[in-house]
Amino acid sequence: MEIDIKHIAELAFLDISDDEADSIADYLCGIIGMMSELPEYDEGDITSGGMELREDTVISSELTREELMSNAPQVSEGCFAVPRTVQ
Amino acid sequence: MFCGAKDGAVMMSLCDMSVSVLADMLRNKHCSARELLTDVMDRAKAVQTELNCYITFNDKAVQAADEADRRIAAGEDISLLTGIPVAIKDNISTRGLRTTCASKMLESYIPPYSATAVERLESAGAVVIGKTNMDEFAMGSASDTGIFGAVRNPVDNNYSAGGSSGGSAAAVAGGAAVLALGSDTGGSVRQPASFCGVVGFCPSYGAVSRYGLIAFASSLDRIGSIGRSVRDTFYLHNTINGYDIKDVTSFEKKISPELTGELKGLRIGVCAEMMKACTDAEISDALEAAMKEMEKQGAELVDISIPSVKDAVKAYYIISSAEASSNLARYDGVRCGFRAKDTGSLADMYKRSRTEGFGAEVKRRIMLGTFVLSEGYFEAYYKRALSCRRRISYDFDRAFELCDIIAAPVYPRAGTALNNSISATDMYAADIFTVPASMAGLPAVSVPCGRSSQDFR
C-alpha cells in the first residue's frame, strides 16, 4: 500500500523529515497491514445501543481566568497571544 | 522505621506494610502519618536512581501528613486511607503539582485543578507523595517512551517495569509508595502490575471519573488502582469510585463495600481463544494451577468461547490512535504546553511546536490515527473497528450468561528486557489479553499467581 506520508503529516500538523518519513512509512505499513486483516462483522443480531450519557449541564467553574491561562506560553492583556497573522 | 523487630521476628519497614495494618497503627498511635511518610519517602528517594519511578516529588506531602495526624489526634471520623502515602501517575492532574505526561510538550505544566480521583483521595486524608514516571502520554508498553527515561523493574533492573503505568507499579512493588493510581487504556495498569508482581485493577468504564485525566483515547481511558494486595487495591478503588457530574460518561453505581473472598459457586470462564494464544508454558502452567486452586475453594470452571477477541488488538489500535490524534490536536503551543522558539507564521508555530514537543512514539500514533480517519480510509478502518468493538461487547455479554468472571493471562511474557528491539507490530500484538476488556468497557484485575524462572510473578 502506498501511503502519502507528507500529506498525512500536513493533516496532523507535524513536520516529518525525509529520514523520518521512511521509518514512519515502514511503521504505518506494518501496522496497517495488521489492521487490514480486520474482518467486516455482521451486526445483524447486535441490538445494544451506545452508552447513556448525562444531559449537558452548565456548572460554574471556581477557576479564575488567570488560573486558566496560567500555563499559556504567551498572554497579552488577558488573551492568548500568537504570532502576527496579518502583516 | 522498622516494626516487629523483637527476638527472632522478621523486621518490616512501614513502607512495606499493608493498608489495613498501617491504618490500625495510625489509629492506635503506633506510628504517625509523618513517620510513615518519612519512611516511604526515604525508600522512594533511595531507589529512585535504580528504578526511576518518580518524575516529581510532592513538596507539600509533609503538610498533608501533618493534617492527617491532626485529624487522627482530634478523633475525627477518618477513612482507611487517612495518612497513607499514595503515588499518582503523571497524566493525572494535581493542582499546583507539575503534571508532565512524561512529555516535553507538558514538561512545565502546572494544573490549576486536580482530577476528581485525586480530590477524593485528598478528602479521604491520603497523602500524595509524588508523580510517577510513564510512557509519553501513556503510549507504550515498557514505560520507556517518555523524556525522563525508562522505569526499571524492582525484581531485576535490566527488565522493564511494564507500561504505561510502570512508575506506579514499580513504586508500589519497591515500597516507594503504599498505593498508586495509574491509567489504563489498553492494559496500562494491569500489565505493569503483572510485571512488578503487584495487583492492578482497571475499573468498569465510567466507574471512576476521568475528569483531570489527561486524555489519550477518551472512550477507553480509565483511572486504575495499584496495591500490593487485592484488599489494599480494593480500598483505593473504593475511595475513588463514584459518580461525578464533571465526567459525561460517569455512572452512579458504586461497587460493593464488601470483599468476602468467597469463591463457592463462582463460575470461572476459561476462554478457548485466550488459552490458545498463551504460548508460554510457565504462564499457562501458573494460570492453570491458580484455576485449580480456585476450583478447590468451590469455584466451577466453565469452557467458553469469545471468537472476536482475536481481532480486538487490530480494532483497538485503530480506535485508540484515531482518538489520540483528535485529543492531541489541542497541543498547538497556544493555550498550554510547549511552544517552539523563533517561529514564523501561526501555522509554522503550530507545526514546529508539535514536531519539537512530541516524542517519536506519540508522533507515530498521531500519524496512524490521522491516516485511519482520513478521506478514503475512514470506512475501511475506523468504521470497521467500531463494528468489531460492538461485536466484542456482544460476545462478552453472551459469555457472561455462562460464567461470572473470566480467567486469563495478562501478557504473553512474564517480563521484557529493557532496550529490546521488538517491532511495533509485535509489541502491539502482545496486548491480546488486556485489550478485549478495554474494548468492552469491562472491569479487569491483574493478580500475581506464580513466579517465572527469572523470578517474575
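Biologist: What do the buried residues of H7(B) pack against?

Modeller: In this predicted model, they pack against helix H1 (19–27), helix H4 (116–123), strand S6 (179–184), strand S7 (199–202) and strand S8 (222–227), which belong to chain B.

Biologist: And what makes helix H7 (residues 230–240) of chain B "largely enclosed"?

Modeller: Of its 11 residues, 9 are buried, so the rest of the structure largely encloses this helix. Among the buried ones are B:Asp232, B:Phe234, B:His237 and B:Ile240. Just after H7(B) comes B:Gly242, with a positive phi near 160°.

Biologist: How do you know whether B:Ser320 is buried or exposed?

Modeller: Its relative accessible area is 0%. Buried means under 20%, so B:Ser320 qualifies. The residue sits in helix H10 (residues 312–327) of chain B. Leaving aside residues up to four places away in sequence, B:Ser320 touches B:Phe216, B:Ala217 and B:Leu220.

Biologist: Let's talk rings. How many aromatic pairs are there over all chains?

Modeller: The search of the whole structure turns up 16. One of them joins B:Tyr54 and B:Phe57 and is tilted.

Biologist: Why is the pair of B:Tyr54 and B:Phe57 called tilted?

Modeller: Their centres are 4.6 Å apart, with 35° between the planes. Rings pair if their centres lie within 6.5 Å, so that part is fine. Stacked needs under 30 degrees and edge-to-face needs over 60, so 35° lands in the remaining class, tilted.

Biologist: Which of those two rings counts as buried, and which as partly exposed?

Modeller: B:Tyr54 has a relative accessible area of 3%, so it falls under the 20% cut-off and is buried. B:Phe57 comes in at 24%; that lies between 20% and 50%, so partly exposed is the right label.

Biologist: What makes B:Phe195 and B:Tyr411 an edge-to-face pair?

Modeller: The angle between the planes is 80°, at 5.2 Å centre to centre. Edge-to-face means over 60 degrees, so this pair passes. B:Phe195 lies in helix H6 (residues 190–196) of chain B, and B:Tyr411 in the loop between strand S11 (405–407) and helix H14 (424–429), so the pair ties together parts that are 216 residues apart in sequence. Both rings are buried, B:Phe195 at 0% and B:Tyr411 at 4%.

Biologist: Which residues form one aromatic cluster with A:Tyr27?

Modeller: B:Tyr316, B:Tyr317 and B:Tyr428. That brings us to the interface.

Biologist: What is the area buried between chain A and chain B?

Modeller: About 5,000 Å², with 68% of that from carbon and sulfur atoms. On the chain A side, A:Tyr27, A:Leu38 and A:Tyr41 lose the most area to chain B, together 15% of what that side buries. The contact takes 48 residues from chain A and 61 from chain B.

Biologist: Why is the meeting of B:Arg384 and A:Glu40 called a salt bridge?

Modeller: The N to O distance between the side chains is 3.2 Å. The cut-off is 4 Å for a nitrogen of Lys or Arg and a carboxyl oxygen of Asp or Glu, so an Arg and a Glu at 3.2 Å meet it. Between chain A and chain B the count is 4 salt bridges, and the rule finds 19 residue pairs in polar contact across the interface.

Biologist: What supplies the largest share of the side of chain A that touches chain B?

Modeller: H2(A) does, with 9 residues. By class, that side of chain A has 31 nonpolar, 6 polar and 11 charged residues.

Technical notes:
Residues are numbered from 1 along each chain as its sequence is written. Chains are lettered from A and ligands numbered from 1 in the order in which they are written. This is a predicted model: local features need pLDDT of at least 70, side-chain atom pairs count only at pLDDT 80 or more; totals for chains, interfaces and linings use all residues. Side-chain values use heavy atoms; hydrogens and water are left out. Contact means heavy atoms within 4.5 Å. Buried area is the accessible area (1.4 Å probe) that two parts lose on being put together, summed over both. A polar contact is a pair of N or O atoms within 3.5 Å; within protein, one must be able to donate a hydrogen and the other to accept it, and residues adjacent in sequence count only if both atoms are side-chain atoms. Helices (H or I, at least four residues) and strands (E, at least two) are DSSP runs, numbered from the N terminus. Ala, Val, Leu, Ile, Met, Phe, Trp, Tyr, Cys and Pro count as nonpolar, Asp, Glu, Lys and Arg as charged, and the others, Gly among them, as polar. Rings of Phe, Tyr and Trp (its six-membered ring) pair if their centres lie within 6.5 Å; planes under 30 degrees apart count as stacked, over 60 as edge-to-face and the rest as tilted. Buried means under 20% relative accessible area, exposed over 50%, partly exposed in between (1.4 Å probe, protein chains only).
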